[in-house]
Amino acid sequence: MYFSRVTLENLSKALFTRTMYKRGLFVEVYSFDHIPQSVLFGALAFAINKVLKKPLSVLDKIHLTSASPLCGKCGRYTFFHEPGRSVCEEHGYVVVSHVMVIHSVPLNPQVWQPRMINYEGEFTEHRRMSPRKFYALTPGQFFSFLVYVEDEEAKRVFLEALKVLCVSVNGAETAGFGIGWGRKMWGAFKAEVQKWREVRPVAKVRNVVSRIQSPFTSPGGKTYLAQNVKPLDVVVCNTVVRNVHHRVDRNMVSIYLEGSEVMSLEELECYPTDSSDWLLAFSSKVFCRRVGRKLVKAIEPSFLIHRRLVERTGVFSSDKA
């Protein structure tokens with residue numbers, strides 16, 4: 001297993017849909033304060049399948065967390081230590097900046113929605129053209145995520161896909177297709193990939209309290225309860241996992257937000273991170289999106305576990321650290 005940290009600099013506005021509200025004549029669209037794991041997997045799937053023409057099965061060998069914002073005061077990377085919030089261990093909560101963009105079209109004076117002729121020949125509303133306020137991420141902000149790959153091939157494909165998505169990787173200009181909503185106009189990122197390090201699992205744990213660093217759900221779309229008891233400290237939300245190619249079919253899935261405190265009953269293999277205090281483990285309870293006729297990984301729970309808790313279990317292998 002190899003791991004690295006990828007830092008993304010937002011060069012333009014970026015939107016990762018969190019919620020949509022109808023307020024008066026506008027539909028207000030709010031973005032996450034971070035880059036969700038499902039967006040990263042979706043972008044990688046697009047780059048691997050449609051551009052690089054590689055098999056999507058390589059995604060099974062790529063494991064990554066949601067991308068959290070860097071601390072604006074010291075520039076350090078952060079982890080999700082509170083539900084839905086990134087925390088710098090020195091400066092506390094990280095504040096992310098948003099910019100409001102209004103997209104409007106001429107309206108029929110009789111109704112607030114524009115009208116059109118649909119495929120059945122009927123005169124009807126076109127909800128996709130409704131005027132909207134987008135609260136997108138302001139350019140000039142930094143986000144980072146951990147990525148683990150199982151072999152050299154997966155590492156190579158991941159880097160090639162990143163070059164497709166970002167305008168530059170480690171200073172070299174690349175394709176820059178974009179990441180997120182409206183990537184033809186928004187979602188331009190510059191990527192910096194740290195040197196890859198080879199790692200092995202340092203422990204196998206069970207029943208250890210952790211903070212999830214990517215959405216936590218079950219393959220069936222229902223919230224997976226780690227124990228048959230009340231959750232420790234979790235916030236549940238419903239999110240839409242869309243098809244990569246914007247087809248009609250989509251899945252509504254209930255998840256625990258990043259940063260939620262959980263205790264998993266399944267046995268987890270812990271890997272080192274770039275922090276001496278924290279280990280990371282990935283769950284086998286993967287949620288997939290449909291791309292064409294194939295099921296492709298969209299959500300893979302990841303657990304941030306303090307090294308001290310692992311040492312107390314008696315299964316920590318110092319010789320593998």
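**Exercise 1. Are phenylalanine 134 and tryptophan 186 buried or exposed, and how do their rings meet?**

Solution. Both phenylalanine 134 and tryptophan 186 are buried. Buried means under 20% relative accessible area, exposed over 50%, and partly exposed in between (1.4 Å probe, protein chains only). The model is predicted: local features need pLDDT of at least 70, side-chain atom pairs count only at pLDDT 80 or more, and totals for chains, interfaces and linings use all residues. Residues are numbered from 1 along each chain as its sequence is written, and side-chain values use heavy atoms, with hydrogens and water left out.

Next, the rings. A search of the whole structure finds 15 aromatic pairs. Rings of Phe, Tyr and Trp (its six-membered ring) pair if their centres lie within 6.5 Å; planes under 30 degrees apart count as stacked, over 60 as edge-to-face and the rest as tilted. The rings of tyrosine 30 and tyrosine 135 have centres 4.5 Å apart and planes at 5°, so this pair is stacked. Tyrosine 30 and tyrosine 135 are both buried. For phenylalanine 134 and tryptophan 186, the centres are 5.7 Å apart and the planes stand at 90°, so the pair is edge-to-face. Phenylalanine 134 belongs to strand β12, and tryptophan 186 to the loop between β15 (172–173) and β16, 52 residues apart. Strands (E, at least two residues) and helices (H or I, at least four) are DSSP runs, numbered from the N terminus.

**Exercise 2. Describe the surroundings of strand β1 (residues 2–10).**

Solution. Start with burial. Nine of the nine residues of β1 are buried, so the strand is largely enclosed by the rest of the structure. Now take the directions. Tyr2, Ser4, Val6, Leu8 and Asn10 point one way; Phe3, Arg5, Thr7 and Glu9 point the other way.

Then find the partners. Two strands pair if DSSP finds at least two bridges between them. β1 runs antiparallel to β13 (residues 142–149), with eight bridges. Five bridges join β1 to β16 (residues 189–193), also antiparallel. Two join β1 to β17 (residues 197–198), again antiparallel. Arginine 5 has leucine 146 of β13 as its bridge partner. Leucine 8 has alanine 191 of β16.

Finish with the rings. Phe3 joins Tyr148, Tyr271 and Phe282 in a cluster linked by ring pairs.

**Exercise 3. Which residue has its charged end over the ring of tyrosine 2?**

Solution. Apply the rule: NZ of Lys or CZ of Arg must be within 6 Å of the ring centre and within 35 degrees of the ring normal. Lysine 155 is the residue, 4.2 Å from the centre. Similarly, arginine 85 lies over the face of tyrosine 93, 3.7 Å from the ring centre.
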